[in-house]
Amino acid sequence: MGYFRMEQGPLAELLVERFENMPPQLRVAARFVLDHPKDVALMSMREQAHQAGVSHSTMMRLARWLGLEGYEDMRSLYARALRETGAGEPARQGMGQDDGDPGYSTAGVVADTLAAQISSLGEYGNASQFVAAAELLARSRNLFGLGSRSGYPVANHFVHIMSFLAGGDRKVTLVGEMGGHGLDALQGAGRDDVLLAVGMSPYERTTIDVARQSARQGVGVVAITDSSVSPLARIARETIIVTANSQSFFRSMAPAFAAVEILAALTAAQSEVNAAERVRQSEEQLAAFGIYWKPPR
């Protein structure tokens, strides 16, 4: 199974490897460390425990579970990694301050955060995971997109874009709720097919169950999710991890949409289909049917 994080911590691989065997409370602490490596370096152990929703003794037990003397040893590892990579807080000076109109400040903070999250998708380690997932998509017979609630529009976008690479016997199908085909669309899916499953915490049971059953049928599952220990990541053959954190009250899906478009571009480059020509032909056909608005003469 392949994983990547936007901002990996030095113990990420070990945490993922041992996650399944941890007691429940240690899993909560481990997930916090996996998902917030900068906070591990910059915050006190008690602050981290509060953010994670566990006791400070649980954080200490996590460090010992990983073979360290104590939690300060873990913090030191993460602090050193942060210094070595030159990582710091993103972007804008004065972030969080109302310099002038607070509306402009908020717009800048949100825009800078999204820009940093999407930009990190192109970093070398992250890009290599995209390449592996795209290779799986390019070899597939049929493609399926699966997502519920906030994941649904991302899956729908994937199906729309990838439909331009369809042709012959190859089909691209949206599975599940709203405008998608029912789950029975996956009944005949098998070893040569690929399912892209999108899911962020809190994870929808249907998405997890369908992805798991698809994997049992031999379908190659590619996941876009928010943690290397999410249930989708543990099912998928290839996993792309994006952050859903935002500077507002909602979970952001912008990085997930960007991930879909990167996947589509890489898959098209490996495909024998001329995707640009397919798009042109489609637009001409839609124009002939009067789909597009035209100004009055």
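**Entry 1: the Glu204 and Arg149 pair**

I began with Glu204, which I find to be buried, as its relative accessible area is 14%. This is a predicted model, and I read the side-chain geometry with that in mind. The partner I looked up next was Arg149: the side chains of Glu204 and Arg149 meet in a salt bridge, at 3.8 Å from N to O. I noted where the two sit, because the pair ties together parts that are 55 residues apart in sequence, with Glu204 in the loop between strand 3 and helix 10 and Arg149 in the loop between strand 1 and helix 9. Is Arg149 buried or exposed? I have Arg149 down as exposed, since its relative accessibility is 64% and the cut-off for that class is over 50%.

The backbone of Arg149 also deserved a line in the notebook, as its phi is positive, about 50°, although the residue is not a glycine. For the record, the loop that holds Arg149 runs between strand 1, residues 143–147, and helix 9, residues 151–162.

**Entry 2: the cis bond**

Staying with the loop between strand 3 (194–199) and helix 10 (205–216), I located Pro202 in it. The peptide bond that joins Ser201 and Pro202 is cis, and I noted an omega of about -5°.

**Entry 3: other salt bridges**

How many salt bridges does the structure hold? I recorded 8. In general terms, side chains of opposite charge can pair when their charged atoms come close.

I then went to Arg31, which forms a salt bridge with Asp35, with 3.0 Å between the closest N and O atoms. Since Arg31 and Asp35 are 4 residues apart in helix 2, about one helical turn separates them. Asp35 counts as buried because its relative accessible area, 15%, is under 20%.

For comparison I looked up Glu72, whose salt bridge with Arg75 has its closest N and O atoms 3.4 Å apart. Both Glu72 and Arg75 belong to helix 6 (residues 71–85), where they are 3 residues apart, about one turn of the helix. Glu72 I entered as partly exposed, because its relative accessible area is 44%.

**Entry 4: helix 2**

Having met helix 2 through Arg31 and Asp35, I checked its length. Its 12 residues, 24–35, should span 16 Å at 1.5 Å a residue, and I noted 17 Å between the end C-alpha atoms, which agrees. Which residues of helix 2 are buried? My list reads Leu26, Ala29, Ala30, Phe32, Val33, Leu34 and Asp35.

**Entry 5: Ile118 and Ala254**

I next followed Ile118, which lies in helix 7 (residues 102–119). The C-alpha atoms of Ile118 and Ala254 are separated by 7.9 Å, although the two residues are 136 residues apart along the chain. Leaving aside neighbours within four places in sequence, I found Ile118 in contact with Ala254, Pro255 and Ala258. Ile118 is nevertheless partly exposed, given a relative accessible area of 34%.

**Entry 6: a nonpolar patch**

Which residues make the nonpolar surface patch of about 450 Å²? I wrote down Leu286, Phe289, Ile291 and Tyr292. Tyr292 is in the segment after helix 13 (275–288), and because its relative accessibility is 40%, I classed Tyr292 as partly exposed.

**Entry 7: the chain as a whole**

I closed with the totals. The chain has 13 helices and 5 strands, and of its 297 residues 44% are buried. Among contacts with a separation of 6 or more, I noted that 70% come from residues 24 or more positions apart. The chain exposes about 15,700 Å², and carbon and sulfur atoms supply 51% of that area.

On confidence, I recorded an average pLDDT of 81 for the chain, with 85% of the residues scoring at least 70. Two stretches I marked with care: over residues 1–6 the pLDDT stays under 50, and there the model has 39 contacts beyond four places in sequence. Residues 87–99 likewise have a pLDDT below 50, and for this stretch I noted 14 contacts in the model beyond near neighbours in sequence.

Technical notes: Residues are numbered from 1 along each chain as its sequence is written. This is a predicted model: local features need pLDDT of at least 70, side-chain atom pairs count only at pLDDT 80 or more; totals for chains, interfaces and linings use all residues. Side-chain values use heavy atoms; hydrogens and water are left out. Patches are made of residues with over 30% relative accessible area and no salt bridge: like charges are joined within 9 Å, nonpolar side chains (Val, Leu, Ile, Met, Phe, Trp, Tyr) within 5 Å. Accessible areas come from the Shrake-Rupley method with a 1.4 Å probe; for residues, only the protein chains shown count as cover. A salt bridge is a side-chain nitrogen of Lys or Arg within 4 Å of a carboxyl oxygen of Asp or Glu. Buried means under 20% relative accessible area, exposed over 50%, partly exposed in between (1.4 Å probe, protein chains only). pLDDT is the predictor's confidence in each residue, from 0 to 100. Contact means heavy atoms within 4.5 Å. The expected span of a helix is 1.5 Å times one less than its number of residues.
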